[in-house]
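Visitor: I should be grateful for a close look at one part of this model, namely its aromatic side chains and the contacts they make.

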Amino acid sequence: MFRNGLSAGRRSVRVSTCIPIPAASSQIGRAASTPLSFKPEIPFICLSCQVRSYAKPRKTKSPLEESIKRLEKHVQFLETRYRDHVKQEAVKAETPSIEITDEMQDEAYAALMASESQVNTFLPSPSSILPKLPKSITARLGTSLALIKSQETLQWEPVLQELQANGGFKKLKIEDVNKTIILVPITQRANSTDTLLSMIETSEISPNVATYDLLMMANAARGNVEVVQNLFRRLKEAKMVPNVRIYGHILKAYSFTRDVASASAAFQEMHALGIKPNLIVYTSLIKTCINREELDTAWQIFDLIKYRSSETAPDVSTYSLMIHACAMRGEAEKALDLFRHMVDTRGLEPDEQVYDSLIHACAVRKDYFLDAWKYAIEMRDKGMRVARRTLNHLLQACGKNGDLTRARLLMRLMMSSRSPEFQPDERSFQGLLRAYATAKWNPGLRKKAVPQEAFLLPNSKANNKAGSGLGEQEVEGLPFLQGTVLTTRKEILSEARQLLHYIIEYRPWLYSTKILNAYLDVCYVQYGNRELRKVYLVYYSPLDPDKEAEFDDEFDFPPPKTEPDNSPDPTPEVDNSPDPSTDQSPDPASAVKMLKYRPRRNIHTFEIALEYARKSGAIKFARKVWADRMAYCLTQEYWGLFLSVRQRLDFTAEKLMVQTLAKAGNLREALDRLKILQYEYDWTKEDLKPVYDKAREMDDIEAVMEIRSILKLDDRRW
């Protein structure tokens, strides 16, 4: 017996439970008192215990070590939060607050809209191209020599005609011809490609690779894809071996047509010829993939060249393309990391294109609204030109964030500019209309509104500085109300309607499907029910050109019932839109009918209209929109969309139509449509929740079971 009262046999059982007990404890006690010559039997040990006995003991961390590790992780987490907090505070300190005041307006807009830096008077004036021309060419120019001397911006078409009349390139060396071609600017060289080729052919001299290089470079820069392909084919027919520059031009041309297959074939052909690709080739491939929206492939190429060699290391143009790819996916964090890597790690200086792409990446995200303005101000402070494209990104940011006040101010400045490069285009008005749709109206905001002078109106002194590109002149008929802040839905709808009339009346070339879709979205979000139906039926081009579409009151509100109806009542439509009789803004419908051209509906038009029909339960209007969409699906424009886009928007349309049918009380029709489409799309509970709720409201047990069957749910899951 041991001190704890257990015998040796019992103790062995506690130590190893896998050893069988052959006898009772009394027998074990007697066996222990036998002479030393007794040899006990070897106990049985299972295989798992044997394996564990040979295995190395697992190292266990002490509680102190685990506590230290958890503490280190928590410290790292706090450091990360602190760095993010410091960055956010720095951004808030450098950019205007969302609440607009006098000082913040001066800081944000005056810095952004200030005049561009003066041209340095100490820079040398452009030198004349006359000394650069070969003597054999100047001898044949004749009277064009005086034309070259007198014109600062030389027009080469009359010079080439004079040269062609005096013998052209006959009996000249191809090197002299190339020296002449290289002096022709890119745009004029692309326009004069046929003339130059004709002069070379009639002179009976053979062009070399450099000749094709110069011509292909000009046409690739201008996007003349067919001309570049024709020159590339002629080079091969002449049994010439293309170099890396030639392949760079052909890949750049393929980027305009989004022809990834041809670009890949040209790249493989380069490898077959033993030509080592340079940065221009890789950048052209990246641009082709981005234009084709194959962003994963573009990132693979970028990661390949980033660490391959110093010769193919990405430059500023490559970084600009990849930041633009981040903007296409709304990856603002990735764009900012890429920008910091370019500036801090690579030591590259960002240019206007990089800032433009970075502002675009921030503009598509609501939580990076202040960052978009921060980099716009930084761009202006560095003396860079803030072009219309960048201003459009800022308008897009205002539309994303619902900051209508900033958007209206920025559009006023653009419209009152004397410079054509700042005048708003289709994207500008589209961004402003988006701001009308997302505007957060608040009747109490007028009490806190800032003075009118703080908004830098076109006639204010802040915009009349010498040389300022924006706000230099007063424009009659600006489509804006007198108030600095719009506080009601009626004011928002009225000004949006006035803006559309201004576009149709004064800028009809901008009247497009995108503009109308943006205005349609304003009516949908701000509850302009009557206006939305009128826009859809009248403002777009009718499907039948011989039949003029009219606004039918049948699609506005259902007529009163004259006979008792036992069918389930659809959800009543509530008209929350302002009374059109009190709106003093001009009606664009009369101006629309005077136009010879009206934009056609596209696939996004039907999506907005069906969203409204689902929201209001307008089943008759929904059937009208659905019939128009079915006719649109037979057009070439529909089949020209990407397959992924078609599938996504088709599913959205089917879902909206099913939900509209259910909301209007046509539950059986909605279920019949669901049965047809249950295997074509992946339906979720969120998609069919309105249908399910309607079935339970109508106590239709059969419909409830059918919906559960489509979703493959049992009775316990919903």
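**Aromatic contacts and charged partners**

Guide: In this predicted model, Arg646 lies over the face of Tyr638, at 5.8 Å from the ring centre. Another arginine is placed over a ring elsewhere: Arg406 lies over the face of Trp373, with 5.7 Å to the ring centre.

Turning to contacts between rings, the structure holds 17 aromatic pairs. One of these joins Tyr536 and Phe621 in an edge-to-face arrangement, with 5.5 Å between the centres and 75° between the planes. Tyr536 belongs to helix α27 (residues 529-539) and Phe621 to helix α30 (residues 619-632), so the pair ties together parts that are 85 residues apart in sequence. Both partners can also be described by their accessibility. Tyr536 is buried, with a relative accessible area of 0%, and Phe621 is buried as well, at 1%; residues count as buried because their relative accessible area is under 20%. The two rings also belong to a wider group, since Tyr536, Tyr540, Tyr612 and Phe621 form one aromatic cluster.

A link between helices is found among the charged side chains too. The structure holds 27 salt bridges, including one between Glu269 and Lys236, whose closest N and O atoms are 2.9 Å apart. Here Glu269 lies in helix α15 (residues 260-272) and Lys236 in helix α13 (residues 225-237), 33 residues apart, and the pair links distant parts of the chain. Glu269 counts as partly exposed at 25% relative accessibility, and Lys236 counts as partly exposed at 35%.

Terms used
Residues are numbered from 1 along each chain as its sequence is written. This is a predicted model: local features need pLDDT of at least 70, side-chain atom pairs count only at pLDDT 80 or more; totals for chains, interfaces and linings use all residues. Side-chain values use heavy atoms; hydrogens and water are left out. Rings of Phe, Tyr and Trp (its six-membered ring) pair if their centres lie within 6.5 Å; planes under 30 degrees apart count as stacked, over 60 as edge-to-face and the rest as tilted. Helices (H or I, at least four residues) and strands (E, at least two) are DSSP runs, numbered from the N terminus. Buried means under 20% relative accessible area, exposed over 50%, partly exposed in between (1.4 Å probe, protein chains only). A charge sits over a ring if NZ of Lys or CZ of Arg is within 6 Å of the ring centre and within 35 degrees of the ring normal. A salt bridge is a side-chain nitrogen of Lys or Arg within 4 Å of a carboxyl oxygen of Asp or Glu.
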